Amino acid sequence: MWRFAIKMLFGDSAKFYGILLGLGFASLLIAQQASIFVGLMSRTFAFVGEVGHVDLWVFDPTQSFVDDQKPLRSTAIDRVRGVEGVAWAAPLYKSLLVATLPNGVRRSVDVVGIDADTLAGGPAEVVAGSLADLRLPDAVMVEIGSSQQQLRLPADLAPGAIPAPGQVFDPAGPTRDVEVGDILELNERRARVVGLVKCAETFVAAPTVYTTYARALSYAPQSRRVMSAVLVTANEDADITTLAERIRAQTGLEALDPNAYAMRTLSYWMRETGIPINFGIAIALGFFVGVAIAGQMFYNFTLDNLRYFGAFKAMGASTWRLLGMVALQALVAGILGLGLGLGAVSAFGLNAAGGKLAFKMLWQIPLIAAGAVLVICILASVISMWKVVRLDPADVFKGP
Amino acid sequence: MTDPATISAHATAIRLRGVTKTFGRGESAVKALQGIDLDVPAGELTMLVGPSGCGKTTLISILAGLLSRDGGELAVFGTDLATLRRDRLAAWRRDNVGFIFQQFNLVPQLTVAENVSVPLVLKGESVAAAVRKAHDLLATLGLEGRGKSAPLKLSGGQQPRVAIARALIHEPRLLVCDEPTSALDAELGRRVMELIRGRSTRPDRAVVVVTHDDRIFHLADSIAHVNDGRIDQLTRGAAYARPTTSTSMGTSSASSGKNPGVHT
């Protein structure tokens, strides 16, 4: 009878496609919104992931998230270096500054200053140039991606060329991508692009500009506290957790491994903003739309077939067998609807890959969508099953 | 349960004594059956006739094991259906009863052969084998090559034959037909009933037909006239006189009053 149950489902094409549409739309909305949410939340701590080969981040204890800059005194680096178990410690500067382009356009850039000796804290992927070139005078490396949309230079200014005295560019005129050799201004100080880097999209969405720590300080407004964080690598034999506790105890600063630092950032955004609620509403909406459309369609489908279920019951089909048929129909519709929805989400994700849209489909998301669709199918089929259970086989003689 | 092989023609297939059925309670209670006494002989075609609401459908539902009785005795091929629990009763129906419904209830999403194969599949036979047998049976009913068609694609004369095939494919001992000719014209109705009679009136079987259609009364071996939940009269004889008026329910034109099992 299982084969017949499937044929009954597929045979009523209008309702079948309606059920698929409902389930597909529900799984699409649930998985897509969840993936965008995860993608967006991942950006809040993306910078932490960019910095490799670091065992601990040391920062101000009151700092809530990566971009919540609470600068440290310059002596912090020496205090951290003095803690037993620290192999090396490097300063890190990170702050939004203003870049002025040759055509007069001003843009916010996220300036990251890294230790010139160790180059610790540098970007994961250098596209053009060498990270060591940052040691050259006025050298900066600019992130491509964001910069190609925000740091655009006048098209009639050749790469590496310096505007002639008195030469004026139309801010609304044609522009080109920033290239190696171009000259920028950071807080009215000269910055020469010596390389291009690729970074993960961050929540701030300002182009990242890498330079040395010392040069970053020269770009930054003068202050007694300028150091954003201290990057620490532990001795080979040191336990990271113990070392973090020791740094906390001896310096009064917070010390977290990269994962914990990322989670601290994530939990701030989850706790303090309405983002999770907004996405939660969209996901719940997908779920309830799925219940409404697929549930209604499936119930109507069962109602339409009730006289045939009644005939089967009269002919000797047990109630359990009929319930099995309804459950199988719901399950098959659910699997196909889920596949349809997840397929659409995957296509959406592939299309969005590399773009500005935050999208990250973790392996748990299809499982969550599958669970939601399963619940929808159960809710939809339970009402139908109730009709089948209550179905009196003698009703088949009551006529149409 | 009686061995079918031991049942001879005109032995009693179904025996009802004082069967009652009431729907509802208190003032709204409706006494659908008020003491039915009836013997349905094996190897014969018995019709239940009477006005709407007289209890025909309730009676056929009870003797087919679809509805429980409130009182009285009922034995179908020697089995008291009241002793069977719900699942056993469903299994009994599956093994012993063939149904022809008023609207035939052919599942439109299934092919003709698949519809016919349902009783065999319910008995545990594989779909492939059951469908194969369905094709063979359909061929004997003049529907060769139509097994793969959709039921709705069949003509008005072909659909009843499919319903008959579905009712008979598992060789049931009791064939129950609910108004099988109500939607058919006179000629088609007659042919359908002749087919039912020809295919199912065997010594080890019994056929019970609920009908209003006096055009087919002459094909009955006996006719039970049901009125107000009782059997008023049982008319015996295969050569039931065909009435001249279409409005007759057959009570006034009954040919004889032989009523071996009826206590009115």
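**Entry 1. The interface of chains A and B**

I began with the area buried between chain B and chain A, which comes to about 2600 Å², with carbon and sulfur atoms giving 66% of it. I note at the outset that the model is a predicted one. I then looked up the contacts and found 29 residues of chain B touching 26 residues of chain A.

Next I searched this interface for salt bridges, and the rule finds 2 of them between chain B and chain A. I looked up the one in which the side chains of E114(B) and K7(A) meet, at 2.9 Å from N to O. For polar contacts I recorded 8 residue pairs between chain B and chain A, with both residues of each pair at pLDDT 80 or more.

Which elements of chain B supply at least two residues each to the side that touches chain A? I listed α1 (56-63), α2 (86-96), α3 (112-122) and β6 (174-178) of chain B. The largest share of that side is from α3(B), which contributes 6 residues.

**Entry 2. Salt bridges over all chains**

I extended the search to the whole structure and obtained 22 salt bridges over all chains. I looked up three of the pairs individually.

In chain A, I found K70(A) and D68(A) joined through their side chains, with 3.2 Å from N to O. I noted K70(A) as partly exposed, since its relative accessibility is 29%. D68(A) has a relative accessible area of 14% and is therefore buried, the limit being under 20%.

I then took R176(A), whose salt bridge with D182(A) has its closest N and O atoms 2.9 Å apart. Are these two partners buried or exposed? I found R176(A) buried at 11% relative accessibility, and D182(A) buried at 1%.

In chain B, I recorded a salt bridge between K133(B) and E125(B), with 2.7 Å between the closest N and O atoms. Here K133(B) counts as partly exposed at 42% relative accessibility, and E125(B) counts as partly exposed at 24%. I also noted a network in which salt bridges with shared partners join R3(A), K7(A) and E114(B).

**Entry 3. Aromatic rings**

I counted aromatic pairs over all chains by the rule and arrived at 13. I examined F65(A) and W269(A), whose ring centres are 5.2 Å apart; their planes stand at 65°, so I classed the pair as edge-to-face. F65(A) is in the loop between β1 (56-59) and β2 (72-73) of chain A, whereas W269(A) belongs to helix α8 (residues 258-272) of chain A, so the pair ties together parts 204 residues apart in sequence. I found both F65(A) and W269(A) buried.

I then checked Y268(A) against W269(A): the centres are 5.6 Å apart and the planes are at 85°, so this pair is edge-to-face. For W269(A), I noted a relative accessible area of 15%.

I also followed the ring pairs that link F47(A), W57(A), F59(A) and Y261(A) into a cluster. Over the face of F47(A) I found K94(A), at 4.8 Å from the ring centre.

**Entry 4. Two buried polar residues of chain A**

I located N103(A) in the loop between β3 (86-100) and β4 (106-114) of chain A. Its relative accessible area is 6%, so I listed N103(A) as buried. What does the side chain of N103(A) reach? I found the backbone nitrogen of V105(A) at 3.2 Å. Apart from neighbours within four places in sequence, I recorded contacts of N103(A) with R152(A), P154(A), F169(A), D170(A), P171(A) and T175(A).

I next looked up Q329(A), which is part of helix α11 (residues 319-352) of chain A. Q329(A) counts as buried, at 0% relative accessibility. With neighbours within four places again left aside, I noted its contacts, among them A5(A), M8(A) and L9(A), and also F298(A), F301(A) and F309(A).

**Entry 5. Chain B**

I counted 6 helices and 9 strands in chain B. Of the 264 residues of chain B, I found 56% buried. Among contacts in chain B with a separation of 6 or more, I attributed 70% to residues 24 or more positions apart.

I closed with F217(B), in the loop between β7 (206-210) and β8 (222-227) of chain B. I recorded F217(B) as buried, at 0% relative accessibility. Between the C-alpha atoms of F217(B) and M47(B) I obtained 7.7 Å, although the two are 170 residues apart along the chain.

Definitions and conventions:
Residues numbered from 1 in each chain as written. Chains lettered and ligands numbered in written order. Heavy atoms only, no water. Phe/Tyr/Trp six-rings, centres within 6.5 Å; stacked < 30°, edge-to-face > 60°. Helix = DSSP H or I, 4+ residues; strand = E, 2+ residues; numbered from the N terminus. Buried < 20%, exposed > 50% of the residue type's maximum accessible area, 1.4 Å probe, protein only. Lys NZ or Arg CZ within 6 Å of the ring centre and 35° of its normal. Contact = heavy atoms within 4.5 Å. Buried area = accessible area lost by both parts, 1.4 Å probe. Salt bridge = Lys/Arg side-chain N within 4 Å of Asp/Glu carboxyl O. Polar contact = N/O pair within 3.5 Å; in protein donor to acceptor, adjacent residues only side chain to side chain.
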